[in-house]
Amino acid sequence: MARCDDSFDIIVAGAGPVGLSFAASLAESDLKVAVVEQQALESLAKPPFDGREIALTFASISILRELGAWDAIPAGQKSPVQGARVLNGSSPFALCFDPPRGSAEPLGFLVPNCRIRDALFKIIRTHHRVQLLCGHSVVGVTNSRKGAVVKLSDGRRLTARLFVAADSRLSRTRDLLGIAADINRLGSSMVICRVRHERAHHQLAIEWFDHHQTIAILPLMEGESSLLLTLRANEANRLLALDDDLFLIELTDRCRGRLGKMTLASKRHIYPLVTTWAHSFWAQSAALVGDAAVGMHPVTAHGFNIGLGGQQQLAHGILTAIRKGHDIADPDMLHRYESCLRLSAAPLYHATNLLVGLYSGEHAAARFARHVGLRLAQYFPFVRHGISVMLRR
């Protein structure tokens, strides 16, 4: 490889929660790891609240606990979800998902995205083998069987045996690696805010597929919920532009008074909806993790869980290669990583896209199909049990 300024075993592009968790998964090894992030160090050290509440399965909680992140998150920031209800339009019928009979555990927990990032950042800062390169972006990647040469926005050139893209579902580094992806810009956006409300939520999450909108109500502390409203992009922008009073009036009307009187408990945030599926999850001396590999629709709240599990699979493959004296960028190992991630992510990714298509359709046939579908799912316990198991994984 050409002479460069800095040499690492692994370079990670992106210090989001998946990128940080991947670096943390390798932190106890002797590997020299660099994490490149365009945000300033101060922003990583004190991540602002961004509206997003992450629904964590018990498998994800186990991974975060192993990394030391779960116990670093304050207990008051972990909201249990005791069940979930799926509603369709004005129908009083609800498809119910609850923990297994006799189980004392909830379906999962909701944790603010910023608290997960904060906990992982603090772990990374305690490991001297992991170096954070903040305030820079990756502008060039040359990868071959010998390794990767990475050019940063400040002109510096780094080398690594393995380069890992963890930047976003619209990953620039994925493009630099020459890996194509199916990118679906849905033309809709999600408006998110926390609200205080007079009616109890009983720790039940609600997914409500209504006409021309989808509403998710996620239970936080008593009397407070995270409310997610998915609309066409222009309608979402109009709603976001309203002053607080008009916004709350329309929000209450859209929720049909389900939560009673509401007041804002946070700023409002908006996120355009995009799903992605990379055609390959690896290349020579390179791999994709998190949203760079699979960008899920948020309706099933499984995007981070898939990303967290995927990074663990890749980290395990790397650590196993080291123990066996193999190359950490061994193509066979990277191929096994891809196969495992596809096997776990593909069914949920494609099923979610079908679900979104069914529930976003406004023609009579679609309305009838989703009504019948919910009814059938309720009367076939194995269907509800199967979905409940997926929710807990």
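A cavity here is a set of grid points where a 1.4 Å probe fits but cannot get out, and a residue lines it if it has an atom within 4 Å of a point. In this predicted model, the count comes to 1 cavity of 30 Å³ or more. About 40 Å³ of space sits inside the largest cavity. Its lining is made up of G290, A293, V294, G303, I306, G307 and L341. Sorted by class, that lining holds 4 nonpolar and 3 polar residues, with no charged ones. The biggest share comes from helix 8 (residues 303-323), which puts 3 residues into the lining of the largest cavity.

Now for a helix pair. Two packed helices are described by the angle between their axes and the distance between the axes. For helix 1 (residues 17-26) and helix 4 (residues 113-125), the angle is about 30 degrees and the axes lie 9 Å apart. Angles under 35 degrees count as roughly parallel, so helix 1 and helix 4 get that label with respect to each other. As for handedness, helix 1 goes past helix 4 in a left-handed crossing.

On the helix 1 side, the contact is made by P17, L20, S21, A23 and A24. Helix 4 answers with N113, I116, R117, L120, F121, I123 and I124. Broken down by class, the contact of helix 1 with helix 4 has 9 nonpolar residues, plus 2 polar and 1 charged. Arg counts as charged, so R117 of helix 4 fills that last slot in the contact of helix 1 with helix 4.

Terms used. Residues numbered from 1 in each chain as written. Predicted model: local features only at pLDDT ≥ 70, side-chain atom pairs only at ≥ 80, totals over all residues. Heavy atoms only, no water. Axes fitted to C-alpha atoms, helices over the stretch in contact; angles between N-to-C directions. Helix = DSSP H or I, 4+ residues; strand = E, 2+ residues; numbered from the N terminus. Parallel < 35°, antiparallel > 145°, perpendicular 65-115°, else oblique. Left-handed = near helix turned anticlockwise from the far one by under 90°. Contact = heavy atoms within 4.5 Å. 1 Å grid on protein atoms, 1.4 Å probe; cavity = no way out; pocket = protein on both sides within 12 Å on 5 of 7 lines; lining within 4 Å. Points joined across faces, edges and corners; volume = space filled by probe spheres on them.
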